[in-house]
Amino acid sequence: MLGLVFVALLIAWLVVNAIKNPTDFFNVFLIGITQGSVYALVALGYTLVYGILQLINFAHGDVFALSGLFSTTFILSLFNLSGATSALGLVGGLAATFVIVAAFGAIVNSSIEFVAYRRLRSAPRLAVLITAVGMSFIVQNVSLAIYDVNAHSIPDDLISKHAIFTVGGVHYSWKQFFVILVTVPVLVLLTWLVKSTRQGKAMRATSQDPEAAAIMGINVNRTITFTFALAGALAGVGAVLFLTEFNMRYDTGFQLGLIAFTAAVLGGIGNLTGAVLGALLIGLIQAFNEGLGWYAAKADWTRSIVFALLIAILVFRPEGLLGERTPEGA
């Protein structure tokens, strides 16, 4: 009942804001969808690893940050991309950057699995948890040592801000559409890979019963490494998209990783569709809180609201919105 009352109050607040200033409301809504799409790519990395190992890879957010900082080297120094670059050069440079950074994220994440997690699969959960936190600090400090403490960004005019369409004062720019343009095909490709390919079937079998999968001839170690690599590649793609809107520091991945983890838990960790749904909801919550004018808590309260939501989900519905209840409650 308490949850239903809260949801009703939230809907009422959104309706009042939409009535008072519909233009701002729908502009903020589009911003939330864009932010949520980036969160979805990171949240999927958490949910893929958890689905196959029941492990929360807390270093995942830091792999995201390191990949983003790594991408600035290519965009700024190697390819020298800017708003003045020709359309063909811009498309080619960005495509190459996405491929290279995705490969980099995959290598870093799979290396973490090989070095830190593989020998701990039969260890107590606490040992694995401490190791994951330790790897997070290690990757974060590698980023600090290489890219220093300053924020890094790419040219603000790299993607055009011109509106694709304007309806009733609501503007939708190419910069916002670019995030959707990249995210949607990646999500479709991921869904096809997991549900329709031989490797995807091996991932699902290993997730259900690693011992039975090994008996049936599946190489469990290779499947788990592939899953970590896939999660790292998603983090790399998400990092490049994040840079088109914001700057990146060595510690950016810590906060964004926690937000993406919250999104994965909200949707039902281990559930791919749930991770995307949770990420979009978190993106909308953040955008509405920071962008609406009538009784919005504003940016200072965003983290508190997001993590209060995480606590509420863990207390009242630990399986998430689309997850299934298990003996562990997740």
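Which residue forms a salt bridge with Arg317? In this model, which is a predicted one, the partner of Arg317 is Glu319, and the closest N and O atoms of the two lie 3.4 Å apart. The two residues differ in their surroundings. Arg317 is partly exposed, with a relative accessible area of 35%. Glu319, with a relative accessible area of 7%, is buried, because buried here means under 20%.

Allow me to continue with the other salt bridges. The count comes to six. One of them joins Asp156 to Lys161, with 2.4 Å between the closest N and O atoms. Asp156 has a relative accessibility of 45% and therefore counts as partly exposed. Another salt bridge brings together the side chains of Arg249 and Asp251, at 2.9 Å from N to O. Here both residues have been assessed for exposure. Arg249 counts as partly exposed at 28% relative accessibility, and Asp251 is likewise partly exposed, at 26%. Finally, Glu113, Arg118 and Arg121 are linked to one another in a network of salt bridges.

I turn now to the helices, beginning with helix 2, which covers residues 22-53. How far apart are its end C-alpha atoms? They are 45 Å apart. At 1.5 Å a residue, the 32 residues of this helix should span 46 Å, so the distance in the model agrees with the expected one. The helix does have a bend, of about 25°, located at Ala40. As to its surroundings, 24 of the 32 residues of helix 2 are buried, and it is therefore largely enclosed by the rest of the structure. Just after helix 2 comes Gln54, whose phi is positive, at about 55°.

My last topic is the surface. Which residues form a nonpolar patch there? They are Phe6, Val7, Leu10, Ile11, Val15 and Ile19, and together they have about 570 Å² of accessible area. One member, Val7, may serve as an example. Val7 is placed in helix 1, which comprises residues 2-20. Its relative accessible area is 41%, so Val7 is partly exposed. That value also meets the requirement for patch residues, because they must have over 30% relative accessible area.

To close, I would draw your attention to two places in the structure before you. The first is Glu319, buried at 7% and joined by a salt bridge to Arg317. The second is helix 2, with its bend at Ala40 and 24 of its 32 residues buried.

Technical notes
Residues are numbered from 1 along each chain as its sequence is written. This is a predicted model: local features need pLDDT of at least 70, side-chain atom pairs count only at pLDDT 80 or more; totals for chains, interfaces and linings use all residues. Side-chain values use heavy atoms; hydrogens and water are left out. Patches are made of residues with over 30% relative accessible area and no salt bridge: like charges are joined within 9 Å, nonpolar side chains (Val, Leu, Ile, Met, Phe, Trp, Tyr) within 5 Å. Accessible areas come from the Shrake-Rupley method with a 1.4 Å probe; for residues, only the protein chains shown count as cover. A salt bridge is a side-chain nitrogen of Lys or Arg within 4 Å of a carboxyl oxygen of Asp or Glu. Helices (H or I, at least four residues) and strands (E, at least two) are DSSP runs, numbered from the N terminus. Buried means under 20% relative accessible area, exposed over 50%, partly exposed in between (1.4 Å probe, protein chains only). The expected span of a helix is 1.5 Å times one less than its number of residues. The bend at a residue is the angle between axes fitted to the seven residues ending there and the seven starting there.
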